[in-house]
Amino acid sequence: LYSLDMKYNTSFGTFTSSTSYFDRYINETGSEANFITWLAQNALGDPTYQPVHSPISEMRKYNRFVQEFRFISDFSGPFQFTGGLYYAETHEWRVYPPTYAPGLGAATGIPGADFIFAADERDAIKEPAVYGEASYQITTKLKATVGLRWYSIEYDFLKGYQNGFAANGMTDPPPASQTETGYTPKFNLQY
């Protein structure tokens, strides 16, 4: 995790820039033996099936960049303002190398059941936002605040496939994108 925060103070408020970058790689291996045994004995109808060593691995690369610019006022009167720009971008890559359960196909009579699962999926998420908030100190004990935040979340499925018995065969969907955009208002009366 890397981060950099900078502030610039003026007589009327503070400008802040906050930047961070997160980069992570995970390589995990576990066992599918209990799941495969349950599957063979209960779902596929072979109560005599005995567990076999069947490891499953996951390799995941994840990185995220976040940038925010913010202004917080320090005006001399009852009116104050906070506003900013926000942007985040995330990239994720997941790979499951092929996993096998030797003998599962023969034990259950299902051709190809020995090949349990494999996958390679990559996606990206972009999240820009703009926000502002104004407050007014009506009396020494009463303050009114209004604000609005606009956001957009774009999810891009870049490439991927899943294959094997657990995936019900090969799936190779085309790249796709989905966007959600909206506003979040804020109204607050504080006493």
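How many bridges join strand 4 to strand 5, and which way do the two strands run? The exercises below use this predicted model.

**Exercise 1. Place strands 4 and 5 in their sheet.**

Step 1. Take the pair itself. Strand 4 covers residues 79-100 and strand 5 covers residues 115-137. They run antiparallel, and 20 bridges join them.

Step 2. Pick one position in the pairing. Threonine 82 stands opposite glutamate 133 in strand 5.

Step 3. Widen the view. The sheet is open and has seven strands, in the order 1-2-3-4-5-6-7, with antiparallel pairing. Its edges are strand 1 (2-9) and strand 7 (176-190), each of which pairs on one side only. Ignoring direction, neighbouring strands of this sheet are turned by 10° against each other on average.

**Exercise 2. Classify two aromatic pairs and say what each one links.**

Step 1. Count the pairs. The whole structure holds seven aromatic pairs.

Step 2. Classify phenylalanine 12 with phenylalanine 71. Their ring centres are 6.0 Å apart and their planes meet at 45°, so this pair is tilted. It links distant parts of the chain, 59 residues apart. Phenylalanine 12 sits in the loop between strand 1 and strand 2 (13-31), and phenylalanine 71 sits in strand 3 (residues 55-73).

Step 3. Check the burial of both partners. Buried means under 20% relative accessible area. Phenylalanine 71 has 13%, so it is buried. Phenylalanine 12 has 39% relative accessibility, so it counts as partly exposed.

Step 4. Classify tyrosine 96 with phenylalanine 117. The centres are 5.5 Å apart, with 70° between the planes: an edge-to-face pair. Tyrosine 96 lies in strand 4 and phenylalanine 117 in strand 5, so the pair ties together parts 21 residues apart in sequence. Phenylalanine 117 counts as buried, at 14% relative accessibility.

Step 5. Look for a cluster. Phe12, Phe15 and Phe71 form one.

**Exercise 3. Describe the surroundings of glutamate 121. Is its position buried or exposed?**

Step 1. Locate the residue. Glutamate 121 is in strand 5.

Step 2. Apply the burial cut-off. The relative accessible area of glutamate 121 is 13%, so the residue is buried.

Step 3. Find a polar partner. The side chain of glutamate 121 makes a polar contact with the side chain of glutamine 162, at 2.9 Å.

Step 4. List its contacts, leaving aside neighbours within four places in sequence. Glutamate 121 touches Glu92, Trp93, Arg94, Phe157, Lys159, Gly160, Tyr161 and Gln162.

**Exercise 4. Which elements give two or more residues to the largest nonpolar core?**

Step 1. Collect the members. The core has eleven residues: Ile36, Ala40, Tyr49, Tyr96, Ala101, Leu104, Ala113, Ile116, Phe117, Ala119 and Ala167.

Step 2. Assign them. Helix 1 (33-43) and strand 5 each give two or more residues. Strand 5 supplies the largest share, three residues.

Step 3. Examine one member, Ala167. Apart from neighbours within four places in sequence, alanine 167 is in contact with Ile116, Phe117 and Gln162.

**Exercise 5. Characterise isoleucine 138.**

Step 1. Locate the residue. Isoleucine 138 is in the loop between strand 5 and strand 6 (143-163).

Step 2. Judge its exposure. Its relative accessible area is 45%, so isoleucine 138 is partly exposed.

Step 3. Name its contacts. Beyond neighbours within four places in sequence, isoleucine 138 is in contact with Lys143, Ala144 and Leu189.

Step 4. Relate it to leucine 1. The two residues are 137 residues apart along the chain, and their C-alpha atoms are separated by 43 Å.

Note on methods. Residues numbered from 1 in each chain as written. Predicted model: local features only at pLDDT ≥ 70, side-chain atom pairs only at ≥ 80, totals over all residues. Heavy atoms only, no water. Pairing = 2+ DSSP bridges. Helix = DSSP H or I, 4+ residues; strand = E, 2+ residues; numbered from the N terminus. Axes fitted to C-alpha atoms, helices over the stretch in contact; angles between N-to-C directions. Buried < 20%, exposed > 50% of the residue type's maximum accessible area, 1.4 Å probe, protein only. Contact = heavy atoms within 4.5 Å. Phe/Tyr/Trp six-rings, centres within 6.5 Å; stacked < 30°, edge-to-face > 60°. Polar contact = N/O pair within 3.5 Å; in protein donor to acceptor, adjacent residues only side chain to side chain. Core = buried A, V, L, I, M, F, W, Y, C linked by side-chain atoms within 4.5 Å.
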